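Student: I have a protein model open on my screen and I'm not sure how to read it. Could you walk me through it, one feature at a time?

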Amino acid sequence: MLKKIVGLALVIFFVSFATLLKAEEQSSTGYEAVAPPQPTANPAKIEVIEFFWYGCPHCYSFEPSLTTWLKAKPENVDFIRIPAIFNEQWGKHAKAYFTAEALGVIDKIHTDFFDAIQEKKQELETEDQLAKFFTAHGVKEADFRETYNSFMIDSKMRQAPALAAKYGITGVPAIVVNGKYKTNGTLAGSQEKMIDVVNALIKKESGAK
């Protein structure tokens, strides 16, 4: 009986010690590994993915730092945004993003959509509400509605939750580098430090090619 108790205590000790080591490693590096690593769209490039939600205040406050980084990102980096979908409301905003992307107006709409949700507290969830927003940004209403209700957008809506699950994303903003590493404000220590972690991982992956 004593041997069993001692054995159990040792198992608990080693599991706890391993967990502590993993936590310390994550806190020191600012990231954790994606398990298993996921393939990237273009192996010749370093892929950087941001998972976000328009209704997330942390994503909104991170946006200026991300925008600054995008203006000076390395040439060998492909940047991709993926709206996370964890519930119905997130899905409505994700559908707006995918529609803007398909219409080729994401650069025109992205920042204004964030501002509308976060600052102006506008309700942009129904098709009619979104149609009004898109037409105010120069999109023909018929083009918006056709794209919004298209099979392509439905497919993207089905794929998005699966992508977040593959990378182990449970909150936003989160960034995945080259399908291998992920970071967020907690792992990095702050939103500002997320950029430093991303840059370090890009350098690490660039050196491995």
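Tutor: Sure, let's start with one residue and its surroundings. Leaving aside neighbours within four places in sequence, phenylalanine 98 is in contact with Pro83, Ile153, Lys156, Met157 and Ala160. Keep in mind that this is a predicted model.

Student: Where does phenylalanine 98 sit?

Tutor: Phenylalanine 98 belongs to helix α3.

Student: And is phenylalanine 98 buried or exposed?

Tutor: A residue counts as buried when its relative accessible area is under 20%. Phenylalanine 98 has 6%, so it is buried. There is also a link across the sequence here: its C-alpha atom is separated by 8.3 Å from that of tyrosine 148, although the two residues are 50 apart along the chain.

Student: How many residues does α3 have, and how far does it reach?

Tutor: Helix α3 covers residues 88-103, which is 16 residues. From first C-alpha to last it reaches 23 Å, close to the 22 Å expected at 1.5 Å a residue.

Student: Which residues of α3 are buried?

Tutor: Here's the general idea to begin with. An α-helix has 3.6 residues a turn, so residues three or four places apart point the same way. Now the case in front of you: the buried residues of α3 are Trp90, Gly91, His93, Ala94, Lys95, Ala96, Tyr97, Phe98, Thr99 and Ala100.

Student: What covers those buried residues of α3?

Tutor: The cover includes two strands, β2 (46-52) and β3 (77-83). It also includes the helices α4, α5 (127-135), α6 (141-148) and α7 (151-166).

Student: What can I look for at the ends of α3?

Tutor: At the N-terminal end, asparagine 87 acts as a cap, with a side-chain oxygen 3.1 Å from the backbone nitrogen of glutamine 89. After the helix comes glycine 104, and its phi is positive, near 75°.

Student: How do I describe two helices that pack together?

Tutor: Two packed helices are described by the angle between their axes and the distance between the axes. Try α3 and α6: the angle is about 120°, and the axes are 9 Å apart. Their crossing is right-handed.

Student: Which residues meet where α3 and α6 pack?

Tutor: From α3 you have Lys95, Thr99, Ala102 and Leu103, and they meet Asp143, Phe144, Thr147 and Tyr148 of α6.

Student: Can we try another pair?

Tutor: Take helix α2 (residues 57-72) and α4, which pack at about 140° with axes 11 Å apart. An angle has to be over 145 degrees to count as roughly antiparallel, and α2 and α4 are therefore oblique to each other. In this pair the crossing is left-handed. On the α2 side, Pro57, Cys59, Tyr60 and Glu63 meet His110, Phe114, Asp115 and Gln118 of α4.

Student: Let me pick out Gln118, then. What does it touch?

Tutor: Glutamine 118 is in helix α4, which spans residues 106-118. Not counting residues up to four places away in sequence, glutamine 118 touches Tyr54, Gly55, Cys56, Pro57 and Tyr60. With a relative accessible area of 11%, glutamine 118 is buried.

Student: Which backbone atoms does its side chain reach?

Tutor: The side chain of glutamine 118 reaches the backbone oxygen of tyrosine 54 at 2.8 Å. A polar atom of that side chain also lies 3.3 Å from the backbone oxygen of glycine 55.

Student: What about a residue in a strand?

Tutor: Look at glutamate 47 in strand β2. Glutamate 47 is buried too, at a relative accessible area of 7%. A polar atom of its side chain lies 3.1 Å from the backbone nitrogen of alanine 41. Beyond neighbours within four places, the contacts of glutamate 47 include Thr40, Asp78, Ile80 and Tyr167.

Student: Where is threonine 40 found?

Tutor: Threonine 40 is in the loop between β1 (32-33) and β2. Apart from neighbours within four places, threonine 40 is in contact with Glu47, Asn178 and Gly179. Its C-alpha atom is 9.6 Å from that of valine 177, a residue 137 places away along the chain.

Student: How do I read the chain as a whole?

Tutor: Count its elements: there are 9 helices and 5 strands. Of the 209 residues, 41% are buried. Finally, among contacts between residues at least 6 apart in sequence, 71% join residues at least 24 apart.

How values were computed:
Residues numbered from 1 in each chain as written. Predicted model: local features only at pLDDT ≥ 70, side-chain atom pairs only at ≥ 80, totals over all residues. Heavy atoms only, no water. Helix = DSSP H or I, 4+ residues; strand = E, 2+ residues; numbered from the N terminus. Buried < 20%, exposed > 50% of the residue type's maximum accessible area, 1.4 Å probe, protein only. Polar contact = N/O pair within 3.5 Å; in protein donor to acceptor, adjacent residues only side chain to side chain. Contact = heavy atoms within 4.5 Å. Expected span 1.5 Å × (residues − 1). Axes fitted to C-alpha atoms, helices over the stretch in contact; angles between N-to-C directions. Parallel < 35°, antiparallel > 145°, perpendicular 65-115°, else oblique. Left-handed = near helix turned anticlockwise from the far one by under 90°.
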